[in-house]
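Colleague: Got a minute to go through this one with me? I'd like to talk about charges and cysteines.

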Amino acid sequence: MRSRTANWFECKIRYEKVMEDGLQKKVNENYVVDALSFSEAEERIIEEMSSYISGEFDVADIKKAAYKEIFFSDDEMADKWYKAKLQFITIDEKTEKEKRSTVTYLCQAGSFNGAVKNIEEVMGGTMIDYVISSVNETTLMDVFEYKKSVKESDKPEYEQ
């Protein structure tokens, strides 16, 4: 398991897909990209999807993701994405009352139980008291992380 914190954007792609029976059907698929702005997210998703989709496709929607951190699994069977809401438990020193703050994460796993296990694996290394308040399977197809292009990595540090 590894986790990555970034600015994530959820992108909806609309295109005609050839189904198993040979018929073409318009489909909407959701993806996540790592970007700094909406325009960069659009540029990145077009770049990523153009290698997978032959023909025309539209970027139907882009929205800022509700999570900042994603837990990536090394398991080959982890082909689903789960949105997990965790409540961090702190004690207010003045009132001595329990305070809960909710944080949302995206977790890659092969099953619901696998997602819970992966969350506990990552959070087990922290000292924070937490409760998993919900874990829901998403319709996300894939997550595209930012990778430095060859052109950028060849430049001297002072030019970047």
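Modeller: Sure. Let's begin with Glu10, which is buried, with a relative accessible area of 13%. Keep in mind that this is a predicted model.

Colleague: Which residue does Glu10 form a salt bridge with?

Modeller: Lys63, and the closest N and O atoms of that pair are 3.9 Å apart. Glu10 lies in strand β2 (residues 8–18) and Lys63 in strand β4 (residues 57–64), so the salt bridge ties together parts 53 residues apart in sequence.

Colleague: And Lys63, is that buried or partly exposed?

Modeller: Partly exposed, because its relative accessible area is 44% and buried means under 20%.

Colleague: How many salt bridges does the structure hold?

Modeller: Eight salt bridges. One of them is between Arg4 and Asp34, whose side chains meet at 2.7 Å, N to O. That pair links distant parts of the chain, with Arg4 in strand β1 (residues 2–5) and Asp34 in strand β3 (residues 24–34), 30 residues apart.

Colleague: What else does Arg4 form a salt bridge with?

Modeller: Glu145, with the closest N and O atoms 3.0 Å apart. Glu145 is in the loop between β9 (140–144) and α3 (150–154) and Arg4 is in strand β1, so this pair ties together parts 141 residues apart in sequence.

Colleague: Which of those count as buried? Start with Asp34.

Modeller: Asp34 is buried, with a relative accessible area of 8%. Glu145 counts as buried too, at 14% relative accessibility. Arg4 counts as partly exposed, at 23%.

Colleague: Which residues end up in one network with Arg4?

Modeller: Arg2, Asp34 and Glu145 are joined with Arg4 into one network by salt bridges that share partners.

Colleague: OK, switching to the surface. Which residues form the negative patch?

Modeller: Asp74, Asp75, Glu76 and Glu121 form a negative surface patch. Asp75 is found in the loop between β5 (69–72) and β6 (80–91). At 45% relative accessibility, Asp75 counts as partly exposed.

Colleague: Last topic, cysteines. How many disulfides does a search of the whole structure find?

Modeller: Zero disulfides.

Colleague: And Cys11 and Cys107, where do they stand on accessibility?

Modeller: Cys11 counts as buried because its relative accessibility is 1%. Cys107 counts as buried as well, at 0% relative accessibility.

Technical notes. Residues are numbered from 1 along each chain as its sequence is written. This is a predicted model: local features need pLDDT of at least 70, side-chain atom pairs count only at pLDDT 80 or more; totals for chains, interfaces and linings use all residues. Side-chain values use heavy atoms; hydrogens and water are left out. A disulfide is a pair of cysteine sulfur atoms within 2.5 Å. Buried means under 20% relative accessible area, exposed over 50%, partly exposed in between (1.4 Å probe, protein chains only). Patches are made of residues with over 30% relative accessible area and no salt bridge: like charges are joined within 9 Å, nonpolar side chains (Val, Leu, Ile, Met, Phe, Trp, Tyr) within 5 Å. Accessible areas come from the Shrake-Rupley method with a 1.4 Å probe; for residues, only the protein chains shown count as cover. A salt bridge is a side-chain nitrogen of Lys or Arg within 4 Å of a carboxyl oxygen of Asp or Glu. Lys and Arg count as positive and Asp and Glu as negative; His and the chain ends are not counted. The place of a charge is taken as NZ of Lys, CZ of Arg, CG of Asp or CD of Glu. Helices (H or I, at least four residues) and strands (E, at least two) are DSSP runs, numbered from the N terminus.
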